[in-house]
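Hi everyone, thanks for making time. I'd like to walk you through one protein model today, going from the whole chain down to a single strand.

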Amino acid sequence: RIQSMLTSDTMDTDACVKETLGLVEVGCEIVRITAPTVKDARNLENIRAALNAAGCHVPLVADIHFKPDAALEAARWVEKVRINPGNFADSKKFHVREYTDSEYTAEIGRIRERFAPLVEICKSRGIAMRIGTNHGSLSDRIMNRHGDTPLGMVESALEFARLAREMDYHDFVFSMKSSKPKVMIQAYRLLVARLDALQDEELATAKIEQRDAIFWNYPIHLGVTEAGDSEDGRIKSAIGIGSLLADGIGDTIRVSLTEDSVHEIPVARALADLAFQRKEAPALDPWPFDPFTYKRRESVGITRNGIALGGSELVRVVVKQTTYDQLAHKLPSLGDYQPEITYEMADIVEIDPRDSAAITKTNSSQKPIFVTIPDDCDLPVIGAYRLLASRLDARHPILLKDVFGTGSNLTGDFLSTLLNAATNIGSLLCDGIGDAVLIQGEKAPGQSLRIAYNILQAAGVRIFKTDYVACPSCGRTLFNLQETTARIKAATSHLKGVKIAIMGCIVNGPGEMADADFGYVGGAPGKINLYVGKTPVKFNIPQEEAVERLVDLIREHGRWFDPQPATL
């Protein structure tokens with residue numbers, strides 16, 4: 001199912017109704033609305049009533065952070081309540097301390113007291129709940145025991161799930177969201193593995209007549225937080241959401257773009273459609289990577305066209321000769337988007353991963369061989385390359401393709417081409433597989449080159465430009481996110497390797513700042529707080545001055561350099 005979130009002020013009933021109707025019109029099936037206070041939560045009654053009067057019965061989800069009282073009020077009017085275990089009954093102080101087992105148990109007792117009333121009302125009304133963990137907003141209790149890790153995210157959610165199950169409440173879904181696709185993918189995989197293990201434990205001890213009961217097979221909601229806008233936001237969303245859908249994980253999805261919410265729906269719909277079109281992947285034995293921890297496949301370094309690849313070298317961008325010929329006259333104007341290796345000159349060996357004889361011949365070679373999969377392979381791309389990596393000695397570098405096949409058999413609009421490329425190549429890069437990439441699905445040479453580099457950046461394997469973490473707008477946002485993001489990008493987009501977070505409010509601010517070098521966070525209406533890492537250093541800056549002060553802060557920390565004049 002496809003969902004989105006309103007950007008309108010929750011107290012503005014007419015605006016919320018209008019935006020909801022617009023979302024439903026373009027295919028949104030679940031609508032989330034922020035409820036930061038009891039007053040906002042109370043107005044959900046008016047929004048629900050107005051939508052019903054308009055003949056719109058789309059399920060509404062109240063988004064709750066920090067305020068259990070707001071959750072109790074919201075649960076009276078909506079079909080679902082989303083809580084974040086990291087801040088529902090905890091205030092994050094970044095305290096470092098050791099918790100004894102008895103202290104930890106006492107903390108869980110305190111959480112139970114705050115959480116049980118919400119479970120009771122959800123259960124009595126027959127409404128659902130999302131237990132939604134965010135990387136970067138875990139409680140101090142979890143941080144001190146498990147760290148800011150996928151395991152910490154999973155354990156944070158399971159604390160609340162166990163409390164709900166104690167009360168025989170099962171109408172909940174899980175989410176494990178992060179602005180980093182690698183972290184998100186690992187967290188969801190780990191969650192599903194933990195749920196499967198708990199399910200097996202339940203079944204092993206259950207009586208025969210109990211086997212039809214609900215155990216741990218709860219639905220999963222997918223999302224990449226703070227994906228950003230434009231092509232970058234779509235690529236990052238495809239890597240995170242598309243990869244998990246390709247793994248068979250996910251029941252609802254939300255694409256979080258720093259754009260008007262209606263623009264999220266076509267992207268989510270396209271990702272869902274691509275997932276349903278995928279062929280079944282081949283079985284793997286052994287798996288060529290650890291699904292819960294990132295480690296790059298240990299190939300041996302080689303040189304092609306004077307460019308080093310494999311081993312610890314950068315993941316390279318390969319183009320076909322025809323693409324290079326079309327770009328040759330304007331290479332100086334392409335900046336960092338450069339073709340690095342030409343396919344026809346790179347001595348690449350094409351191997352079907354099911355061809356045992358070819359695999360054996362390659363593995364018997366004393367020299368590392370640059371390997372890819374032929375275009376006539378009828379396997380799904382992700383499954384094919386995983387199978388190749390499982391059978392091929394790790395020392396042989398691998399070239400990843402976004403699609404198999406060239407020419408007229410490649411059809412589809414640009415959005416589908418972009419999302420398919422990001423899902424296929426991004427998923428494999430996050431698995432640690434791949435030493436070079438080739439985009440074949442996009443025929444425009446400049447666009448194919450840009451897509452390749454942007455996928456490498458979004459997957460976190462090669463940073464060649466400024467990296468932005470920008471949250472989608474919602475009713476909590478304290479400034480115009482789209483306009484502000486555009487202004488910050490205009491001032492800083494030349495800062496290669498610098499990561500800047502742009503947050504509309506404090507909900508995910510401190511935690512997500514830890515993943516960024518600098519942060520720009522709404523602190524109050526018209527006021528901005530600036531961060532270095534997860535530490536706030538400048539407070540209550542007037543919004544009209546804040547971008548300039550951000551630039552000053554970057555200068556203070558030695559990360560600023562002036563943009564170079566454009567090359568003619």
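Before anything else, one term: when I say a residue is buried, I mean that its relative accessible area is under 20%, using a 1.4 Å probe and counting protein chains only. And please keep in mind that this is a predicted model.

With that in hand, let's look at strand 6, residues 172-177. F172, F174 and M176 point one way from strand 6, while V173, S175 and K177 point the other way, and all of them are buried. Why the two directions? In a regular strand the side chains alternate between the two faces of the sheet. As 6 of the 6 residues of strand 6 are buried, the strand is largely enclosed by the rest of the structure.

So who are the neighbours? On one side there is strand 5, residues 128-134, which pairs with strand 6 in the parallel sense over 6 bridges. If you'd like to find that pairing on the screen, look for M129, which stands opposite F172 in strand 6, and for R130, which stands opposite V173. Strand 6 also pairs with strand 7, residues 220-222, again in the parallel sense, over 2 bridges. There, S175 stands opposite H221 in strand 7.

Now let's zoom out to the sheet. It is an open sheet of 8 strands in the order 1-2-3-4-5-6-7-8, with parallel pairing. Which strands stand at its edges? Those are strand 1 (3-5) and strand 8 (252-253); each has a single partner strand, so one side of each is left without a neighbour in the sheet.

Zooming out once more, the protein as a whole has 17 helices and 21 strands. How does its radius of gyration compare with that of a compact globule? For 568 residues the globule value would be near 24 Å, and the protein has 24 Å, which agrees. The C-alpha trace spans about 65 × 65 × 55 Å along its principal axes.

A few totals for those of you who like numbers. Of the 568 residues, 57% count as buried. Among contacts with a separation of 6 or more, 70% come from residues 24 or more positions apart. The exposed area is about 23,100 Å², and carbon and sulfur atoms supply 51% of it. Finally, on charges, there are 65 positive and 75 negative side chains, and the centres of the two sets lie 2 Å apart.

That's my tour; over to you for questions!

Technical notes
Residues are numbered from 1 along each chain as its sequence is written. This is a predicted model: local features need pLDDT of at least 70, side-chain atom pairs count only at pLDDT 80 or more; totals for chains, interfaces and linings use all residues. Side-chain values use heavy atoms; hydrogens and water are left out. Helices (H or I, at least four residues) and strands (E, at least two) are DSSP runs, numbered from the N terminus. The radius of gyration is taken over C-alpha atoms; the globule rule is 2.2 Å times the number of residues to the power 0.38. Buried means under 20% relative accessible area, exposed over 50%, partly exposed in between (1.4 Å probe, protein chains only). Contact means heavy atoms within 4.5 Å. Accessible areas come from the Shrake-Rupley method with a 1.4 Å probe; for residues, only the protein chains shown count as cover. Lys and Arg count as positive and Asp and Glu as negative; His and the chain ends are not counted. The place of a charge is taken as NZ of Lys, CZ of Arg, CG of Asp or CD of Glu. Two strands pair if DSSP finds at least two bridges between them.
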